[in-house]
Amino acid sequence: MAASAGQNLRIDADRLWDSLMEMAKIGPGVAGGNNRQTLTDADAEGRALFKSWCDAAGCTMGVDKIGNMFATRPGTDPDALPVYVGSHLDTQPTGGKYDGVLGVLAGLEVIRTLNDLDIKTKHPIVATNWTNEEGTRFAPAMLASGVFAGVHTQDWAEDKTDAEGKRFGDELDRIGWRGDEDVGARREKMHAFFELHIEQGPILEAEGKDIGVVTHGQGLSWTQITIYGKDSHTGSTPMPMRKNAGLAMARILLEVEDIALSHAPHAVGAAGHIDVYPNSRNVIPGKVVFTVDLRSPDLSVIEDMETRLDAAARKICDDMGMEVELEKVGGFDPVTFDEGCVTAVRNAAERLGYSHMDIISGAGHDACWINRVTPTAMIMCPCVDGLSHNEAEDITREWAQAGADVLLHAVLETAEVVE
């Protein structure tokens, strides 16, 4: 970064924090967090607020046909490719104020800070909001960034339905945030992408580090398992004559635990989504549907865990006289982020005097897909007790500032300050 930009240049921490708190008023949760699920009225309101702030910062807003938002601050060279920054504004049903939102609003704060100080860059800077990162209402996660990167087709994504049978495409039209840009039209015209995010884990706080320099992202595999037993009365069905789908699921989940532990310390596995039928106190479950989430930064480990899960589930159900179906419903390969972008993040942390460490992202992020089409890196800041996807999710103002400061300097190094 050019020395004239200031080795100690910082963002406006109070303004960033105020923006986070203002956005958190939209789609409030019942316990202090947020419920701003994708393509809801709350999502539309949050998008409108973000656009109003971008307009006030002098940005030009572009929106593509799947709702991704791109707020551009021009560079001095009309032929220079833009540096993108951002994350997502949608939340979990019981989400926090910072997951995703910090990355979007920190991207805007970078632009605001450069405006304040009249710093020009050769490359344009684009603050981005990716649609439906969470994947809670419309699975899978990182849906629109996946379409942008060419991983999914737009038609496939728009046909996804929520629990009420509402189509993604119809809901996008309903809230009025379908743009006119072809999805992915920008992907050949990107210089780099940076995403700031809370860690969503306990490592940085436990190690007393301000910044996580994300070198890799874990790969992910979601397998939906359906077991067919037999509904029967819990009181009058003899134990040897039961076909308890819930018991079969429990035995499979014990296998999941063992499989993940066999690849310690980086592999993980669990089931977060479970439906039990008929879900009555005095009826033995005749059917269960659950999704096993397996993750590792090593593709061969993921493949081994998938193979062992399939074999274990089939053997358990066969031994218990039940039918089982397994379907892979989501996933992506492990990610190695761009060495140059990662170095820019590390250099920024060192220049600013923030303590830092290399870290592997345990969660999926839009950056994992965008890494396929342009040099990409992530920055992480701590979150209290590692808690996320929970309304009690919390960070400090100082952590938010540190992450945004590092983002600012990494972006300036990459976008090239003009003297």
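This report walks through the aromatic pairs, cysteines and salt bridges of the structure above.

The model is predicted, so local features are reported at pLDDT of at least 70 and side-chain atom pairs at pLDDT 80 or more, while totals for chains, interfaces and linings use all residues. Residues are numbered from 1 along each chain as its sequence is written, and side-chain values use heavy atoms, with hydrogens and water left out.

**Aromatic rings**

Let us begin with the rings. Rings of Phe, Tyr and Trp (its six-membered ring) count as a pair if their centres lie within 6.5 Å; planes under 30 degrees apart are stacked, over 60 edge-to-face, and the rest tilted. A search of the whole structure turns up 8 aromatic pairs. One of them joins Phe70 and Tyr84 edge-to-face, with 6.1 Å from centre to centre and 85° between the planes. This pair links distant parts of the chain, since Phe70 sits in strand β2 (residues 69-73) and Tyr84 in strand β3 (residues 83-87), 14 residues apart. Helices (H or I, at least four residues) and strands (E, at least two) are DSSP runs, numbered from the N terminus.

How buried are these two rings? Phe70 has a relative accessible area of 0%, and Tyr84 has 2%, so both count as buried. Here buried means under 20% relative accessible area, exposed over 50%, and partly exposed in between (1.4 Å probe, protein chains only).

Another edge-to-face pair is made by Phe138 and Phe168, at 5.4 Å centre to centre and 75° between the planes. Phe138 lies in the loop between β4 (125-129) and α4 (143-148), and Phe168 in helix α6 (residues 168-175), so the pair ties together parts that are 30 residues apart in sequence. Both Phe138 and Phe168 are buried.

Phe70 and Tyr84 also belong to a wider group: together with Trp130, Phe148 and Phe193 they form one aromatic cluster. Elsewhere, Lys287 lies over the face of Tyr277, 5.2 Å from the ring centre. A charge sits over a ring if NZ of Lys or CZ of Arg is within 6 Å of the ring centre and within 35 degrees of the ring normal.

**Cysteines**

How many disulfides does the structure hold? There are 0 disulfides, a disulfide being a pair of cysteine sulfur atoms within 2.5 Å. For Cys341, the nearest cysteine sulfur is that of Cys368, 14 Å away. Cys341 is buried, at 5% relative accessible area. The sulfur of Cys383 is 7.3 Å from the closest cysteine sulfur, in Cys381, which is too far for a bond. Cys383 is buried too, at 0% relative accessibility.

**Salt bridges**

A salt bridge is a side-chain nitrogen of Lys or Arg within 4 Å of a carboxyl oxygen of Asp or Glu. The count by this rule is 26 salt bridges, including these:

| Salt bridge | Closest N and O atoms |
|---|---|
| Asp116 and Arg15 | 2.8 Å |
| Asp170 and Arg167 | 2.8 Å |
| Lys328 and Glu306 | 2.8 Å |

The bridge of Lys328 and Glu306 links distant parts of the chain: Lys328 is in strand β12 (residues 323-332) and Glu306 in helix α9 (residues 299-319), 22 residues apart. Salt bridges that share partners also join Asp41, Arg137, Asp162, Glu171 and Arg174 into one network.

As for accessibility, Arg15 is partly exposed at 21%. Asp170 is partly exposed at 41%, and its partner Arg167 is partly exposed at 25%.
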